[in-house]
Amino acid sequence: MSSIKVYYTSVSGSREVKQRQEEVTRILDIYKIKYELIDISLSLKALQEMKMKVSSPQALPPQIFNGQEYCGDFEMFHKAKENKEILKFLKIEQMGISDTKDVY
């Protein structure tokens with residue numbers, strides 16, 4: 001069973017960050033993938049944890065993990081979506097679930 005975690009912020013002045021976060025959660029919902037949202041705006045510890053796990057002090061949300069394993073940022077997620085490789089990106093192996101959903 002996968003444990004997808006999405007680091008995000010509920011407080012952002014950036015429209016781009018908000019749109020990217022919404023797209024990630026929308027796609028995960030379409031694939032019916034359960035995920036945990038971790039709000040970095042509520043906890044300095046969560047923000048520091050995200051940046052440490054990504055190995056970048058400039059990392060912006062959303063950042064996506066499967067358990068402790070880093071999957072990638074929005075750009076990588078978007079590329080996986082375009083290539084119909086969301087499950088591969090998320091490091092999920094599920095029998096009978098197609099990775100070829102038409103998602104826009």
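Ala 59 has a relative accessibility of 9% and therefore counts as buried, the cut-off being under 20%. In this predicted model, Ala 59 belongs to the loop between helix 2 and strand 3, and Ala 59 is also one of the residues that line the largest pocket. The protein contains four helices and four strands, arranged along the sequence in the pattern β-α-β-α-β-β-α-α. Of its 104 residues, 43% are buried.

**Largest pocket**

- The largest pocket encloses about 160 Å³ of space.
- Its lining includes Ser 14, Glu 16, Val 17 and Arg 20, together with the run Ala 59, Leu 60, Pro 61, Pro 62 and Gln 63.
- Asp 73, Phe 74 and Glu 75 belong to the lining of the largest pocket as well.
- Classified by residue type, this lining comprises six nonpolar, two polar and four charged residues.
- Helix 1 (15–30) and helix 3 (74–82) each contribute at least two lining residues.
- The largest share, three residues, is supplied by helix 1.
- Two of the lining residues, Ala 59 and Asp 73, are 14 residues apart in sequence, and their C-alpha atoms are 8.5 Å apart in space.

**Loop between helix 2 and strand 3**

- Pro 62 is located in this loop, and the peptide bond that leads from Pro 61 to Pro 62 is cis, with omega near 0°.
- Ser 55 is found in the loop between helix 2 and strand 3 too, and its phi is near 65°, a positive value in a residue other than glycine.
- Ser 55 counts as exposed because its relative accessibility is 64%, where exposed means over 50%.

**Strand pairing**

- Strand 1 (residues 4–8) and strand 2 (residues 35–39) run parallel and are joined by five bridges.
- Strand 1 also pairs with strand 3, in the antiparallel sense, over four bridges.
- Lys 5 has a partner in each of these pairings: Lys 5 stands opposite Glu 36 in strand 2 and opposite Phe 65 in strand 3.
- Strand 3 (residues 63–66) and strand 4 (residues 69–73) run antiparallel and are joined by four bridges.
- Gln 63 stands opposite Asp 73 in strand 4, and both Gln 63 and Asp 73 are part of the lining of the largest pocket.
- Strand 3 and strand 4 form a hairpin with two residues between them, and Gly 67 in the turn has a positive phi of about 65°.

**β-α-β unit and strand burial**

- Strand 1, helix 1 and strand 2 make up a right-handed β-α-β unit.
- Val 6 is placed in strand 1, and Val 6 counts as buried because its relative accessibility is 2%.
- Val 6 and Glu 36 are separated by 30 residues in sequence, while their C-alpha atoms are 6.2 Å apart in space.
- In a regular strand, side chains alternate between the two faces of the sheet.
- Strand 3 is covered on both faces: Gln 63 and Phe 65 are buried on one side, and Ile 64 and Asn 66 are buried on the other.

**Helix 2**

- The buried residues of helix 2 (residues 44–54) are Ala 46, Met 50, Lys 53 and Val 54.
- Viewed down the axis of helix 2, these buried residues fall within an arc of 95°, so they line one face of the helix.
- An α-helix has 3.6 residues a turn, so residues three or four places apart point the same way.
- Leu 44, Lys 45 and Met 52 are exposed on the other side of helix 2.

**Loop between helix 3 and helix 4**

- Lys 84 is found in the loop between helix 3 and helix 4 (86–89).
- The phi of Lys 84 is near 55°, a positive value in a residue other than glycine.
- Lys 84 has a relative accessible area of 34% and is therefore partly exposed.

Note on methods: Residues are numbered from 1 along each chain as its sequence is written. This is a predicted model: local features need pLDDT of at least 70, side-chain atom pairs count only at pLDDT 80 or more; totals for chains, interfaces and linings use all residues. Side-chain values use heavy atoms; hydrogens and water are left out. On a 1 Å grid over the protein atoms alone, a cavity is a set of points where a 1.4 Å probe fits but cannot get out, and a pocket is an open set with protein on both sides within 12 Å along at least five of seven lines; lining residues have an atom within 4 Å of a point. Grid points are joined across faces, edges and corners, and a volume is the space filled by probe spheres set on the points. Ala, Val, Leu, Ile, Met, Phe, Trp, Tyr, Cys and Pro count as nonpolar, Asp, Glu, Lys and Arg as charged, and the others, Gly among them, as polar. Two strands pair if DSSP finds at least two bridges between them. A crossover is right-handed if, with the strands pointing away from the viewer, the path from the first strand over the helix to the second runs clockwise. Buried means under 20% relative accessible area, exposed over 50%, partly exposed in between (1.4 Å probe, protein chains only). The arc is that of the directions from the helix axis to the C-beta atoms.
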